[in-house]
Amino acid sequence: MREYTASLKREAERLLSEGRVKTVIAFGPGIDPLAPIPAFAEDKDEASDLLVNAFSAPGLAKYVLDEVGGVEKPEHSVAVLARGCDSLGIARLIADKRVQRQSVVILGVHCDGVIDRGKLLALNPAFSRTKNIKSVAIGEDEVFVEAELADRSAVSLRGRPEDLLLDKCLKCLERDPVVFDIMLEPEAGTMLGRETGPTPVGDRGGVDQGEKEKSLRARRSLVAETEALSSESRYEFWARQFERCIRCYACRNVCPACSCRKCAFDVPDPEWVSKCTWLSEQFMFHFLRAFHVAGRCVGCGECERACPMGLPLSLLNDKLMKDVEEMFGIEDPHVPKESEPLGFYSPDDPEPWAKEVSEG
Amino acid sequence: MSLEPVGDTSVLAQGRKDLEAGAAGGAQEGRAGGGGEAGKAGGAGEAREVGKAGEAVEEGEWAPKIVGFACRWCSYAGADLAGTSRMSYPATVRLLRVPCSGRVNPAFIMRAFQRGADAVLVAGCHPGDCHYTSGNLFARRRLALAKGLLEYLGMEPERLQIHWISAAEGQKFARVASEMSKAVEALGRNRKMREEI
């Protein structure tokens with residue numbers, strides 16, 4: 001990911017001082033320089049701490065809902081930094097009418113992927129013994145990290161960014177925002193952002209679709225591999241995955257498509273899913289979670305990234321996305337549209353079970 | 001009633017009582033709902049072994065438990081017609097009347113499997129014949145995805161079946177019930193996604 005911090009700060013300061021937005025959502029320095037955290041700037045000072053770099057892993061879409069969900073006053077507007085995946089999530093919230101388009105100013109950036117902190121530190125086993133990162137340098141084709149061990153000796157590692165991307169970035173569907181107001185310029189602060197005015201969802205001009213095709217193929221082949229297994233092996237595979245689930249609901253909380261005011265997993269009556277974590281409940285939970293976003297999943301991969309147990313949740317979402325595309329002929333099923341696939345029907349919808357039914 | 005599409009609480013409670021009395025399975029085979037079965041089988045590890053051992057004993061008497069969701073306008077009337085016309089079909093299908101096949105939340109299907117169903121049948125009006133114009137057309141989309149996902153998670157395709165049965169098709173209902181029963185009998189008991197108490 002290229003350098004956007006300077007133009008991000010400049011735009012943030014401008015929007016805040018003009019009073020156009022109440023908050024700017026982007027990243028700020030965390031404790032660990034390899035893990036910037038989401039930050040919320042409400043004045044010029046705070047805006048000067050904002051940043052975005054190749055380690056900015058968390059998605060920002062869901063924070064927009066926290067800030068403006070249900071509020072329609074213009075003075076409650078927010079600005080938010082948006083890469084492709086963030087913009088898909090924001091578009092989802094807008095399509096679901098949880099966020100008003102006019103109450104969010106989207107600062108778009110082009111993103112070629114974010115570096116996975118875990119993958120990076122795994123390059124040098126010595127890093128497992130320290131949390132004391134001293135310096136980080138990101139070059140065009142090299143990352144260099146220096147840290148200090150307990151005995152004050154220094155360790156370092158070098159890696160190529162393209163080998164260290166987050167799993168979700170390897171399957172990235174949109175490198176450029178699908179919806180934005182201002183596209184930030186990567187040149188280190190030489191120009192202001194180019195203001196285009198609000199664009200409609202899905203208007204991406206001449207963006208190269210080659211990378212997307214590659215990602216789509218990767219997703220499809222993972223799903224196809226799973227589909228090719230026998231029922232027994234598939235069940236065992238998922239049982240092994242779900243057994244590890246601790247039901248922290250991070251996958252739901254981070255998901256821009258999971259924005260119901262009242263979530264089925266929270267209501268005590270009817271108790272769709274109990275608090276137990278035995279296997280049957282895990283199947284119920286994961287079936288429902290995936291099904292509740294069926295046809296609405298934007299493929300941002302945040303659920304999988306947020307999962308502390310590393311469950312392959314995209315494998316579930318991608319299966320549904322593939323079915324939606326193949327069965328109902330919906331193009332780009334990850335891009336939010338006016339009506340969702342399960343919200344309408346066609347008289348000629350397929351009946352995939354017809355082969356099992358003997359008519360007569 | 002809150003949720004519990006299969007086995008309302010009283011049936012489940014009865015099932016648990018039966019379990020305590022050591023009479024799970026056989027004795028209550030004829031009762032509607034999944035109570036008896038859900039009350040059987042062990043928890044994790046060694047308790048599961050007990051369940052398996054118990055199974056061998058009652059293998060001869062086992063019959064599939066099929067939970068059927070039938071739309072009240074077509075399929076439920078179709079089943080009624082099968083009955084009043086004295087057609088015979090296996091008593092393995094326990095019908096639950098729903099206003100429309102569109103009422104069938106995929107969570108109902110999961111819950112049925114959780115609580116001991118060996119198979120689930122969803123029956124509704126033929127597409128185009130819905131009493132509510134389009135309920136079954138929405139259901140068709142939803143169930144197509146849900147069935148795909150369920151199979152993706154490892155359920156055998158035969159265990160969830162969707163059929164369009166009109167009020168005049170008593171014969172079709174009887175045929176579906178017996179074919180499905182036969183198919184599930186061949187597969188045996190369902191252990192997948194099932195709650196073990």
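Buried here means under 20% relative accessible area, so A:Cys307, at 14%, counts as buried. The legends below describe close-up views of a predicted model.

**View 1. Chain A as a whole.** Chain A holds twelve helices and nine strands. Of its 360 residues, 55% are buried. The accessible surface of the chain comes to about 16400 Å², and carbon and sulfur atoms account for 51% of that area. Among contacts between residues at least 6 apart in sequence, 69% join residues at least 24 apart.

**View 2. The open sheet E5-E6-E7 of chain A.** Three strands make up this open sheet, in the order E5-E6-E7 and with antiparallel pairing. Strand E5 (133–138) and E7 of chain A stand at the edges with a single partner strand each, so one side of each has no neighbour in the sheet. From one strand to the next the twist averages 10 degrees. E5(A) and E6(A) pair over five bridges, while strand E6 (residues 143–148) and E7(A) pair over six. A:Phe144 marks a row across the sheet: A:Ala137 stands opposite A:Phe144 in E6(A), and A:Phe144 stands opposite A:Arg158 in E7(A).

**View 3. Strand E7 of chain A and the hairpin that leads to it.** In a regular strand the side chains alternate between the two faces of the sheet. Strand E7 (residues 154–159) shows such alternation: A:Val155, A:Leu157 and A:Gly159 point to one face and are buried. A:Ala154, A:Ser156 and A:Arg158 point to the other face and are not buried. The hairpin of E6(A) and E7(A) has five residues between the strands, and A:Arg152 takes a positive phi near 70 degrees there.

**View 4. A:Ala41 and its surroundings.** A:Ala41 lies in strand E2 (residues 37–41) of chain A. Its relative accessible area is 1%, so A:Ala41 is buried. Leaving aside residues up to four places away in sequence, A:Ala41 touches A:Leu16, A:Lys22, A:Thr23, A:Val24, A:Glu46, A:Ala47 and A:Leu50. A:Phe27 is 14 residues from A:Ala41 in sequence, with 9.4 Å between their C-alpha atoms.

**View 5. A:Arg219 and its polar contact.** Helix H7 (residues 210–227) of chain A contains A:Arg219. This arginine counts as buried because its relative accessibility is 6%. The side chain of A:Arg219 makes a polar contact of 2.9 Å with the side chain of A:Asp318. Besides A:Asp318, A:Arg219 touches A:Lys171, A:Leu173 and A:Gly299, not counting residues up to four places away in sequence.

**View 6. The disulfide of chain B.** One disulfide is counted over all chains. B:Cys74 and B:Cys125 form this link, with their sulfur atoms 2.4 Å apart. The link is right-handed, with 100 degrees about the S-S bond. B:Cys74 lies in the loop between strand E1 (66–71) and helix H4 (75–84) of chain B, and B:Cys125 in the loop between strand E3 (119–124) and helix H6 (135–152), so the pair ties together parts that are 51 residues apart in sequence. B:Cys74 is buried at 10% relative accessibility, and B:Cys125 is buried at 3%.

**View 7. Two cysteines without a bond.** The sulfur of B:Cys71 is 3.4 Å from its closest cysteine sulfur, that of B:Cys125, which is too far for a bond. B:Cys71 is buried, at 1% relative accessibility. For A:Cys307 the closest cysteine sulfur is in A:Cys248, 6.2 Å away, again too far for a bond.

Key
Residues numbered from 1 in each chain as written. Chains lettered and ligands numbered in written order. Predicted model: local features only at pLDDT ≥ 70, side-chain atom pairs only at ≥ 80, totals over all residues. Heavy atoms only, no water. Helix = DSSP H or I, 4+ residues; strand = E, 2+ residues; numbered from the N terminus. Buried < 20%, exposed > 50% of the residue type's maximum accessible area, 1.4 Å probe, protein only. Contact = heavy atoms within 4.5 Å. Polar contact = N/O pair within 3.5 Å; in protein donor to acceptor, adjacent residues only side chain to side chain. Pairing = 2+ DSSP bridges. Areas by Shrake-Rupley, 256 points an atom, 1.4 Å probe, with all protein chains shown as cover. Axes fitted to C-alpha atoms, helices over the stretch in contact; angles between N-to-C directions. Disulfide = S-S within 2.5 Å.
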